[in-house]
Amino acid sequence: VQLAESEGGSVQPGGSLRLSCKASITIFNMGWYRQAPGKGRELVARFFNGDLEYADSVKGRFTISRNITSNTIFLQMDALKPDDTAVYYCNARSLVGQLYWGKGTLVTVSS
């Protein structure tokens with residue numbers, strides 16, 4: 001499974017950014033993780049077994065969505081904070097639990 005992420009970018013606090021990730025095949029369990037400098041990788045949001053999951057730190061600010069036809073997921077990030085600065089990774093999980101990762105894209109929130 002190949003995962004192609006869009007470019008991240010730099011934005012000021014309070015700004016918005018949208019990421020996308022296109023999978024090379026139809027796969028239903030997909031999501032976004034992130035890794036901030038000096039920290040471990042953490043879940044941001046994901047589709048998992050028919051449910052939506054969000055990290056508490058992004059609830060109400062980030063929205064994950066998908067286009068099943070194009071095997072693409074999106075992450076709309078609003079009201080961004082400096083603490084959201086991280087490398088964001090697209091993730092996919094097969095029905096047998098095999099994990100796949102995108103190469104990661106940097107999001108920087110700074111004034």
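**Exercises on a predicted model: pocket, cavity and strands**

In this predicted model, the residues that line the largest pocket divide into one nonpolar, two polar and seven charged.

**Exercise 1.** State which residues line the largest pocket, and give the volume of the largest pocket.

*Solution.* Begin with the lining, which is made up of Arg-34, Ala-36, Lys-39, Gly-40, Glu-42, Ser-57, Arg-61, Lys-81, Asp-83 and Asp-84. Next, sort these residues by class, which gives seven charged, two polar and one nonpolar. Finally, the volume of the largest pocket comes to about 170 Å³.

**Exercise 2.** Determine where Asn-71 lies in the succession of strands, whether Asn-71 counts as buried or exposed, and which residues Asn-71 touches beyond those up to four places away in sequence.

*Solution.* Asn-71 is placed in the loop that runs between strand 7 (62–67) and strand 8 (72–77). Its relative accessibility is 16%, and because buried means under 20%, Asn-71 counts as buried. When residues up to four places away in sequence are set aside, Asn-71 touches Cys-21, Lys-22, Ala-23, Ser-24, Ile-25 and Thr-26. With Thr-26 there is also a polar contact of 3.0 Å, which joins the two side chains.

**Exercise 3.** Find how many cavities of 30 Å³ or more the model contains, and describe the lining of the largest cavity.

*Solution.* The count comes to one cavity of 30 Å³ or more, and the volume of the largest cavity is about 40 Å³. Its lining consists of Thr-26, Ile-27, Met-30, Arg-66, Asn-67, Ile-68, Asn-71, Thr-72 and Ile-73, and strand 7 and strand 8 are the elements that give two or more residues to this lining. Sorted by class, the lining of the largest cavity has four nonpolar, four polar and one charged residues. Both Asn-71 and Thr-26, whose side chains are joined by the polar contact, belong to this lining.

**Exercise 4.** Trace the pairing from strand 4 through strand 5 to strand 6, using Ala-45 as a guide.

*Solution.* Strand 4 (residues 29–35) pairs with strand 5 (residues 41–48) in the antiparallel sense over five bridges, and within this pairing Trp-32 has Ala-45 as its bridge partner. The two strands form a hairpin with five residues between them, and Gly-38 in the turn has a positive phi of about 75°. On moving to strand 6 (residues 51–54), one finds that four bridges join it to strand 5, again with an antiparallel course, and that here Ala-45 is partnered by Tyr-54. The hairpin of strand 5 and strand 6 has two residues between the strands, and in it Asn-49 takes a positive phi near 50°.

Terms used:
Residues are numbered from 1 along each chain as its sequence is written. This is a predicted model: local features need pLDDT of at least 70, side-chain atom pairs count only at pLDDT 80 or more; totals for chains, interfaces and linings use all residues. Side-chain values use heavy atoms; hydrogens and water are left out. Buried means under 20% relative accessible area, exposed over 50%, partly exposed in between (1.4 Å probe, protein chains only). A polar contact is a pair of N or O atoms within 3.5 Å; within protein, one must be able to donate a hydrogen and the other to accept it, and residues adjacent in sequence count only if both atoms are side-chain atoms. Contact means heavy atoms within 4.5 Å. On a 1 Å grid over the protein atoms alone, a cavity is a set of points where a 1.4 Å probe fits but cannot get out, and a pocket is an open set with protein on both sides within 12 Å along at least five of seven lines; lining residues have an atom within 4 Å of a point. Grid points are joined across faces, edges and corners, and a volume is the space filled by probe spheres set on the points. Ala, Val, Leu, Ile, Met, Phe, Trp, Tyr, Cys and Pro count as nonpolar, Asp, Glu, Lys and Arg as charged, and the others, Gly among them, as polar. Two strands pair if DSSP finds at least two bridges between them.
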